[in-house]
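Student: Got a minute to go through this model with me? I'd like to start with the holes inside.
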2 protein chains.
Amino acid sequence: MIVVAGGSGIRMGTEIPKQFILLNGKAILLHTLERIAEEIEIENIILVLPESEIDRWVALSSGTKFENLKCALGGATRYDSVKSGLKLIDKDALVGIHDAVRPFVSQNTIASCFKMAEEKGSAIPVVELKDSIRRVFTGTSRAKDRTKFRLVQTPQCFNAARIKAAYEKPNKGNFTDDASVYEEAGNRIHLVEGNNENIKITSPEDLKIAASFLS
Amino acid sequence: MIVVAGGSGIRMGTEIPKQFILLNGKAILLHTLERIAEEIEIENIILVLPESEIDRWVALSSGTKFENLKCALGGATRYDSVKSGLKLIDKDALVGIHDAVRPFVSQNTIASCFKMAEEKGSAIPVVELKDSIRRVFTGTSRAKDRTKFRLVQTPQCFNAARIKAAYEKPNKGNFTDDASVYEEAGNRIHLVEGNNENIKITSPEDLKIAASFLS
């Protein structure tokens, strides 16, 4: 499992990248790794970090079970970071790619994704929309049927050879997840049910929500 | 402002409708009404309730500033409930329609909606997506560009004559909000920035989130 921790603190209004913000006294990244480690052996976890954050990680992980975690250096974009992590993955494996700031992924979500990916070559967790949705156009918008859409979470799991090949193509620049990279390369994406708590922590409100999930 | 409280407790796994569930010791509906009353005079608020919940409301509101709130009886569907509330609205007014289970709408969101609706005839609050999104088809799905979509909140505000006319048309059955009814009748929807805390409380996780917003 590749855990992508490339984020900066800009959106959160903090100086440290959001994966290092404390939640109940512990960095979000450690919460996420602990959850992942319930399902995946630690030697099969790869952490992708910006070079500027390596010292912080070494200090944070020292003395924990993650202190010898395999790390890869992140790049300028999420695309580059994932590509860097994928270089450490054997092509005959299955690989999951997970956001470091999603500490509430359930064991069931992780297990379902790997099971489906093993059968079908890919699997990503999705949830239904609770709010109505609109498509925006320049100067206007139009209601869409929310039952025809799904919100996408992680881990996104793939046949390693195929996702590695997909990431060898030039970055088209508008990918927001790995499934769209995989799909763009001509592969088929399969969906599994995610869990509603599996939020991406990107704003101060999300931090409050995260604290409530821990209490 | 019409506050639509037609929900049943089925999705929440409770016996009482979700608008009556307690949050910090107070029914969600009362939290919502108090927030609305910071911006709108109480005599301009109309509560739409299922007939079966009137006794509960009378008991709950007794002794509060909402005990003489104008009420309308809800119908079998949300469409019928909104239509029932609209009958009490003067056609020359502006009307907002708000979900009873969205207690965290900001004063700024309410004010922006009414201001834009006064200028343009309609306004609804929307927020950007944080997760990637996919369109599902029978047996398959496809990544979509999340920057081209918005999640829709309430209050949704309209020229009263036009929204009343829109609700006089037959219910096509697939409307999940008032904006889509208004738009289907040939009117134009205008968007304003909503607030991220303005969630719709529909699940047990949402209740935890709501509690964290109050703390």
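Student: So how many cavities of 30 Å³ or more does a search of the whole structure find?
Tutor: Three. A cavity here is a set of points on a 1 Å grid over the protein atoms alone where a 1.4 Å probe fits but cannot get out. This is a predicted model, where local features need pLDDT of at least 70, side-chain atom pairs count only at pLDDT 80 or more, and totals for chains, interfaces and linings use all residues.

Student: What volume does the largest cavity have?
Tutor: About 770 Å³, a volume being the space filled by probe spheres set on the grid points, which are joined across faces, edges and corners.

Student: And which lining residues are closest to its centre?
Tutor: A:Leu151, A:Ile199, B:Asp131, B:Leu151 and B:Ile199, out of 31 that line the largest cavity. Lining residues have an atom within 4 Å of a point.

Student: Which elements give two or more residues to that lining?
Tutor: Helix 7 (204–214) of chain A and helix 7 (204–214) of chain B. Helices are DSSP runs of H or I with at least four residues, strands are E runs of at least two, and both are numbered from the N terminus.

Student: OK, new topic. What rotation superposes chain B on chain A?
Tutor: One of 180 degrees, with 0.0 Å of shift along its axis and an RMSD of 0.0 Å. The fit is by least squares on the C-alpha atoms of residues with pLDDT of at least 70 in both copies. That makes the relation a two-fold axis. The same surface serves both copies, too: 100% of the contact residues of chain B recur in chain A.

Student: How many residues are in contact?
Tutor: 43 of chain B with 43 of chain A, contact meaning heavy atoms within 4.5 Å. The two chains bury about 3900 Å² between them, 51% of it on carbon and sulfur atoms. That is the accessible area (1.4 Å probe) lost on putting the two parts together, summed over both.

Student: Which residues in chain B lose the most area?
Tutor: B:Lys130, B:Ser132 and B:Arg134, together 17% of what that side buries.

Student: What ipTM does the predictor give the complex?
Tutor: 0.93, with a pTM of 0.92. Chain A averages a pLDDT of 94, and 96% of the residues score at least 70; pLDDT is the predictor's confidence in each residue, from 0 to 100.

Student: Last one: where is the cis peptide bond in chain A?
Tutor: Between A:Thr154 and A:Pro155, with omega about 10 degrees. A:Pro155 sits in the loop between strand 10 (149–152) and strand 11 (156–159). Residues are numbered from 1 along each chain as its sequence is written, chains are lettered from A in the order in which they are written, and side-chain values use heavy atoms, leaving out hydrogens and water.

Methods: On a 1 Å grid over the protein atoms alone, a cavity is a set of points where a 1.4 Å probe fits but cannot get out, and a pocket is an open set with protein on both sides within 12 Å along at least five of seven lines; lining residues have an atom within 4 Å of a point.
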